[in-house]
Amino acid sequence: MKVGVIGAGSIGLLFASYISKIFEVTIYTRTEDQAYQINENGILLRKKAIIKQSSVKALPISSWKGIEDFTIVTVKQYQLSTVLEQIKHLSKRPKNLLFLQNGMGHLKLLEEIKGINLFVGTVEHGALKENAYTVSHNGEGATNVAIFRGDFSCLQNFATKVPADFPIHVQEDYYLMLRNKLIVNAVINPLTSIFQVKNGELIQNKYFFRVLTSLFGEISFILNLDHPEEHLRQVMGICKKTAENRSSMLKDIEANRLTEVDAILGFILEEADKQEKQAPLLEIVYYCIKGKEPAKGGEL
Ligand code: PAF
C-alpha cells in the first residue's frame with residue numbers, strides 16, 4: 001500500500017518513520033528545503049538513547065497529486081484550509097484521507113469534502129521535532145481512529161498492518177473519540193501555556209489545580225458530560241503520565257507560532273453560544289491564548 005503523509009512537523013515525521021517499516025511512504029513538506037534534507041538524511045527517530053534511520057521519499061506539498069492509496073494529514077488545524085483547497089484542484093481525487101488534528105474545529109471543514117473516504121484520529125504520542133529530519137519519540141501512546149464518512153475498509157486494513165510498537169486502534173464513534181481528547185486538550189494545553197509549566201505541574205501545584213478544576217467544571221457543563229468525574233480522572237491521569245512534557249500549545253507559543261486554540265476552546269465556546277450558556281472562565285482563557293499568538297494576536 002502506498003501511503004502519503006501531509007505535513008512534516010513532529011507528528012508527520014513520527015508517523016512516516018514508523019509506518020515506513022511496512023508501507024511505501026511519501027512525506028509532503030511545506031518547504032523544498034525540508035524535502036531535500038529528508039531525501040538526503042532519511043528520517044531519524046530518537047527514542048531514549050537509540051536513533052533509527054528510515055528512508056522515506058519526500059516532496060514539497062506543491063507536488064502532491066493525491067495518488068497514494070491512503071493519506072494521513074498531520075498539519076495543524078489552522079493550516080488545513082490550504083490543504084483542502086489543494087484537494088479541489090487535484091486532477092485525481094485522493095481515495096482515503098485520515099485527519100489527525102487536535103480539537104473539533106476541523107469537522108465543519110471536512111463536511112465540505114465530497115466523494116472521498118474520510119477518517120479522523122487522535123494521537124496520544126509525545127513527539128518533538130528536533131530539526132528538519134529528526135524527531136524524538138518521548139512519550140509512547142496510541143493512535144485512535146474512526147470513520148467520519150464513506151467506506152472504512154482501507155482504514156481497517158491500514159490499522160491492522162501498522163507495526164506493533166506503533167498501535168492504531170479503530171474506534172466506533174468518531175464524535176465521542178474526538179470529544180474525549182478535546183476535553184483533555186481544552187484543559188491541559190491552554191493552562192500550561194498561560195502558566196508556562198510542564199503538564200505535571202497542573203496537578204502538583206495546588207493553586208494551578210484549583211484553576212484546572214474550575215475550567216474543567218465549565219467545560220463539563222457546556223459539553224453536558226454524563227460522567228464528569230471519569231473525564232476529570234482522565235485529565236489528571238494524562239497530566240501525571242505526561243508530567244515532563246510541554247504541551248503542544250505551550251511549544252507553539254514558545255516558538256511564536258499560531259496555536260490550535262480556535263479548534264479546541266473556540267469549538268467549545270461555539271457550543272456554549274448555541275446552548276445560550278455562560279462561559280466566563282473559558283472566554284478569559286481563550287483570550288489569554290489569542291493574546292499570546294503572533295501577528296494579528298493583538299488586533300480586535
Ligand atoms: O497537545 C498535547 O500536548 C497533547 O495532546 C497532550 C495529551 C495534552 C499531552 O501534552
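Visitor: Which residues does Leu282 touch, not counting residues up to four places away in sequence?

Guide: First, a caution: this is a predicted model. In it, Leu282 touches Leu215, Glu218, Ile219, Ile222, Leu265, Ile268 and Leu269, leaving aside residues up to four places away in sequence.

Visitor: How should I read a cluster of that kind?

Guide: Start with the general idea. In soluble globular proteins, nonpolar side chains tend to be buried together. Now the case here. The largest nonpolar core has 58 residues. Trp64, Phe99, Ile268 and Leu282 have the most contacts inside it. Helix H6, residues 174-195, gives the most to this core, with nine residues.

Visitor: Where does this core lie relative to the domains, and why?

Guide: Domain 1 (2-172) and domain 2 (177-290) both give residues to the core, so it lies between them. There is also a second, separate core of 36 residues. Val25, Val145, Cys154 and Ala159 are among its members.

Visitor: How far apart are the C-alpha centres of domain 1 and domain 2?

Guide: They lie 25 Å apart. The contact between the domains takes 21 residues from domain 1 and 20 residues from domain 2.

Visitor: Now the whole protein. How many helices and strands are there?

Guide: The protein has 12 helices and 12 strands. Its radius of gyration is 19 Å, close to the 19 Å that the globule rule gives for 300 residues, so the protein is as compact as a globular protein of that length. Along the principal axes, its C-alpha atoms fill a box of roughly 50 × 45 × 40 Å.

Visitor: What share of the 300 residues counts as buried?

Guide: The share is 53%. Contacts add to the picture. Take those with a separation of 6 or more: residues 24 or more positions apart account for 68% of them.

Visitor: Let me try a single residue. Is Ile6 buried or exposed?

Guide: The cut-off for buried is under 20% relative accessible area. Ile6 has 1%, so it is buried. Ile6 sits in strand S1, residues 2-6. Its C-alpha atom is separated by 4.9 Å from that of Tyr28, 22 residues apart along the chain. Ile6 touches Tyr28, and its other contacts beyond four places in sequence include Ile61, Trp64, Val73 and Val83.

Visitor: And Ser220: buried or exposed?

Guide: Ser220 is buried, with a relative accessible area of 11%. Ser220 lies in helix H8, residues 206-222. It touches Leu225 and Pro228, not counting residues up to four places away in sequence.

Visitor: Can the same reading be applied to a helix? How many residues of H1 are buried?

Guide: Count residue by residue. Helix H1, residues 10-19, is mostly covered, with eight of its 10 residues buried. Among them are Leu13, Leu14, Phe15 and Tyr18.

Visitor: Last, sheets. What is the strand order in the open sheet of four strands?

Guide: The general idea: strands of a sheet pair through backbone hydrogen bonds, either parallel or antiparallel. Here the order is S4-S3-S10-S9, with mixed pairing. Strand S4 (50-54) and strand S9 (126-131) stand at the edges. Each has a single partner strand, so one side of each is left without a neighbour in the sheet. The twist averages 25 degrees from one strand to the next.

Visitor: How many bridges join S9 to S10?

Guide: Five bridges join them, and the two strands run antiparallel. S10 covers residues 134-139. For one of the pairs, look at Gly126: its bridge partner in S10 is Gly139.

Technical notes:
Residues numbered from 1 in each chain as written. Predicted model: local features only at pLDDT ≥ 70, side-chain atom pairs only at ≥ 80, totals over all residues. Heavy atoms only, no water. Core = buried A, V, L, I, M, F, W, Y, C linked by side-chain atoms within 4.5 Å. Buried < 20%, exposed > 50% of the residue type's maximum accessible area, 1.4 Å probe, protein only. Domains from an automatic or database assignment. Contact = heavy atoms within 4.5 Å. Pairing = 2+ DSSP bridges. Axes fitted to C-alpha atoms, helices over the stretch in contact; angles between N-to-C directions. Rg over C-alpha atoms; globule rule 2.2 N^0.38 Å.
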